[in-house]
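Welcome to the tour. Open your viewer, get ready to select residues by chain, and follow along one stop at a time.

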Amino acid sequence: MDFSSLFNSSTSQLLQEFYYAPLIIKIAIFFICFSILAILITYTSILVKRYQGYHLEKKLERINPLIDELILKHIIFNDALNKELEDGEQPQLIPLTDFQKSPFKSDFGKQALIDRIINFRKSFKGIMAFYLRQLYIDLELDKKSFNKMKSVKWDKKVVALVELTAMDMSIADVNILPLTNSKNSELRSEARHAYIKLSKNEPFKFFDVVTEPLLMWDQIQLFKIITTTEEISIPNFARWVTYSPNKSIISFCLKLIVHYNQVEGIPAVIKLLDTKDHELRANAINCLGKLKYDEVEPKLLEIYANQPLNCQIEILKAIGRIRSGKSIDFLKYEFLHSSDFDLRKNAARSIIKGGAHAQETIKLLLETATKENLLILKHCMNPLIKF
Amino acid sequence: MPKILYIEDELLMQNIVNKILLREGYTVDVANNGKEAMEKLITNNYDYNLVITDIMMPYSNGFEILSKIRNHITANKIPIIVISSVGNEDAILEAFKLGADDFLKKPIMAGELLIRVKRLLAR
């Protein structure tokens with residue numbers, strides 16, 4: 001009996017055994033086979049991916065030093081390019097021939113060039129950064145980045161945005177604004193980042209189109225981008241406090257008004273004190289307190305009794321920040337008679353912050369306070385305790 | 001030729017600045033992190049004319065290097081330039097407080113770096 005007939009007979013025997021096996025065994029065998037197959041496919045794909053990664057790394061190890069050498073030779077150490085341009089002076093032409101030769105003709109080579117030029121540009125400013133951008137444009141690498149923007153894959157779009165932002169390439173509003181409202185958080189965040197960095201005149205125009213709420217994390221990221229981007233034109237954020245239908249945008253703009261100390265935005269913030277949304281009202285009170293706008297103090301005292309707890313706490317904090325000394329009696333009353341612990345604690349803190357205006361009151365309270373009130377006062381007087 | 005110790009963990013930046021300095025004829029010793037820098041300083045008996053250091057580095061950061069050099073009995077006069085992407089007021093003040101002679105924020109201008117290096121070496 002030869003090998004093939006032996007194989008055939010054992011296969012048919014196995015199939016026959018499977019056919020007559022109980023259902024539960026059939027199901028078990030099916031799952032075992034399926035799992036083995038799945039494991040094999042997974043391991044193979046991991047191996048293939050790893051090999052591709054290794055191969056790519058090796059290729060980059062070969063090509064990156066070449067790129068570095070060319071950039072150093074033709075740009076960084078090129079004496080002809082190494083002087084600042086006078087007004088109206090035409091920039092020098094960068095010798096491109098070496099960058100257009102064999103390893104850089106392929107897609108891989110072009111991508112390596114883009115990545116390396118971006119890295120170099122992160123290290124240099126001034127005329128060198130200008131010529132590195134020029135090189136990117138002259139080699140038409142910008143087209144490659146713009147093509148990625150057209151991809152349906154979100155990750156390619158993110159890469160394109162990163163590249164174009166790093167090279168200061170302006171992107172049409174029609175292409176980037178929809179992305180600032182994308183459902184994908186990574187893409188949304190990168191598009192907003194790019195918009196702020198690239199739009200010189202109206203970097204915050206996307207606030208007009210944001211319909212999704214700005215999550216706290218989005219706000220932190222945006223705040224970092226706004227406050228660390230150089231040469232950005234800062235608008236009057238009160239514009240969105242007045243007109244934006246998006247609550248989170250209003251909240252965020254209130255924080256920016258405080259950060260940039262935009263006192264011209266105060267009238268818009270005061271109008272928010274009449275809004276029905278108590279969270280926005282609390283944010284507005286917080287903003288006014290941080291701006292130390294003392295003229296609003298009587299209004300805050302007037303509305304205090306009708307406010308929910310979060311707004312009352314913000315009012316007490318705002319009075320403490322304003323430090324006019326006009327509301328010491330009110331604070332004292334709240335500290336002694338309020339039934340809520342947080343209100344008492346914040347009233348005490350605001351009294352302490354009153355400084356010279358509140359010396360007498362503090363002394364009197366320390367002498368006459370109950371055991372619990374004394375603890376609150378001492379807690380608030382401790383400069384090491386912030387909360 | 002003046003001898004410079006350049007401490008930087010970012011390879012590309014390290015390579016570029018190293019080449020810029022070498023091209024000007026300086027002798028450059030490169031350290032990848034604070035620990036390596038300290039080893040080089042001790043091995044060479046602090047015999048450097050200038051130290052250029054980054055702030056954010058593994059093992060020990062640029063501030064630690066700064067204070068170690070400034071607290072050294074004989075080497076406390078070595079001019080030090082700090083180059084860092086951390087360019088906020090606190091970092092700049094901290095660097096000067098610890099005895100930095102100059103501060104450059106990344107990205108840098110090659111020409112500016114060379115002028116500052118020459119100025120400090122001429123002192």
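Which residues does Leu132(A) touch, not counting residues up to four places away in sequence? Select Leu132(A) and you will find Ile75(A), Ile117(A), Phe120(A), Arg121(A) and Phe124(A) in contact with it. Please keep in mind throughout that this is a predicted model.

**The nonpolar core**

Leu132(A) belongs to the largest nonpolar core, which has 110 residues. Now add Val241(A), Cys253(A), Val269(A), Ile4(B) and Leu5(B) to your selection: together with Leu132(A), they touch the most other members of that core. As background, nonpolar side chains tend to be buried together in soluble globular proteins.

**Chain B as a whole**

Next, show chain B alone as a cartoon. You can trace 5 helices and 5 strands, and along the sequence they follow the pattern β-α-β-α-β-α-β-α-β-α. The C-alpha atoms fill a box of roughly 35 × 30 × 30 Å along the principal axes. A compact globule of 123 residues would have a radius of gyration near 14 Å, and the 13 Å of chain B agrees with that. Of the 123 residues in this chain, 34% count as buried. Among contacts in chain B between residues at least 6 apart in sequence, 62% join residues at least 24 apart.

**The first pair of strands**

Select residues 3-7 of chain B, which form strand E1, and residues 27-31, which form strand E2. These two strands run parallel and are joined by 5 bridges. To see one pairing up close, pick Tyr6(B), which stands opposite Val30(B) in E2(B). Follow the chain from E1(B) through H1(B) to E2(B), and you trace a right-handed β-α-β crossover.

While you are in E2, click on Asp29(B), which sits in this strand. Is Asp29(B) buried or partly exposed? It is partly exposed, because 19 other C-beta atoms lie within 10 Å, while 20 would be needed for a residue to count as buried. Leaving aside neighbours within four places in sequence, Asp29(B) is in contact with Lys3(B), Leu5(B) and Lys40(B). One of these, Leu5(B), is also among the core residues you selected earlier. For a distance to try, take Asp29(B) and Met13(B): they are 16 residues apart along the chain, and their C-alpha atoms are separated by 14 Å.

**An enclosed strand**

Move on to strand E4, residues 80-84 of chain B. How many of its residues are buried? The count is 5 of the 5, so E4(B) is largely enclosed by the rest of the structure. Colour Ile80(B), Val82(B) and Ser84(B) for one side, then Ile81(B) and Ile83(B) for the other, and you will see that both faces are covered.

Now bring in the partners of E4(B). Strand E3, residues 50-53 of chain B, runs parallel to E4(B) and is joined to it by 3 bridges. Here Ile52(B) has Ile81(B) as its bridge partner. Add helix H3, residues 62-70, and you have a right-handed β-α-β unit made of E3(B), H3 and E4(B).

Strand E5, residues 102-105, also pairs with E4(B) in the parallel sense, over 4 bridges. Look for Val82(B) opposite Phe103(B) in E5(B). The path from E4(B) to E5(B) passes through helix H4, residues 89-97, and this crossover is right-handed too.

**Backbone curiosities in the loops**

A little background for this stop: most residues other than glycine have a negative phi, and most peptide bonds are trans. Go to the loop between H2 (34-43) and E3 of chain B and select Asn45(B). Asn45(B) is not a glycine, yet has a positive phi of about 55°. It counts as exposed because it has 9 C-beta neighbours inside 10 Å. In this loop you will also find Tyr46(B), with a positive phi of about 60°. Tyr46(B) is partly exposed, with 18 other C-beta atoms within 10 Å.

Then jump to the loop between E5 and H5, where Pro107(B) lies. Zoom in on the bond between Lys106(B) and Pro107(B): this peptide is cis, with omega of about -5°.

**Where the chains meet**

For the last stop, show both chains again. The contact takes 13 residues from chain A and 12 from chain B. On chain B, helices H1 (11-23) and H5 (110-122) each supply at least two residues. H1(B) gives the most, with 6 residues. Colour this side of chain B by class and you will see 7 nonpolar, 2 polar and 3 charged residues.

Notes. Residues are numbered from 1 along each chain as its sequence is written. Chains are lettered from A and ligands numbered from 1 in the order in which they are written. This is a predicted model: local features need pLDDT of at least 70, side-chain atom pairs count only at pLDDT 80 or more; totals for chains, interfaces and linings use all residues. Two residues are in contact if their C-beta atoms, placed from the backbone, lie within 7 Å. Ala, Val, Leu, Ile, Met, Phe, Trp, Tyr, Cys and Pro count as nonpolar, Asp, Glu, Lys and Arg as charged, and the others, Gly among them, as polar. A nonpolar core is a set of buried Ala, Val, Leu, Ile, Met, Phe, Trp, Tyr and Cys residues joined through C-beta atoms within 7 Å. A residue is buried if 20 or more other C-beta atoms lie within 10 Å of its own, exposed if 12 or fewer, and partly exposed in between; C-beta atoms are placed from the backbone. Two strands pair if DSSP finds at least two bridges between them. A crossover is right-handed if, with the strands pointing away from the viewer, the path from the first strand over the helix to the second runs clockwise. The radius of gyration is taken over C-alpha atoms; the globule rule is 2.2 Å times the number of residues to the power 0.38.
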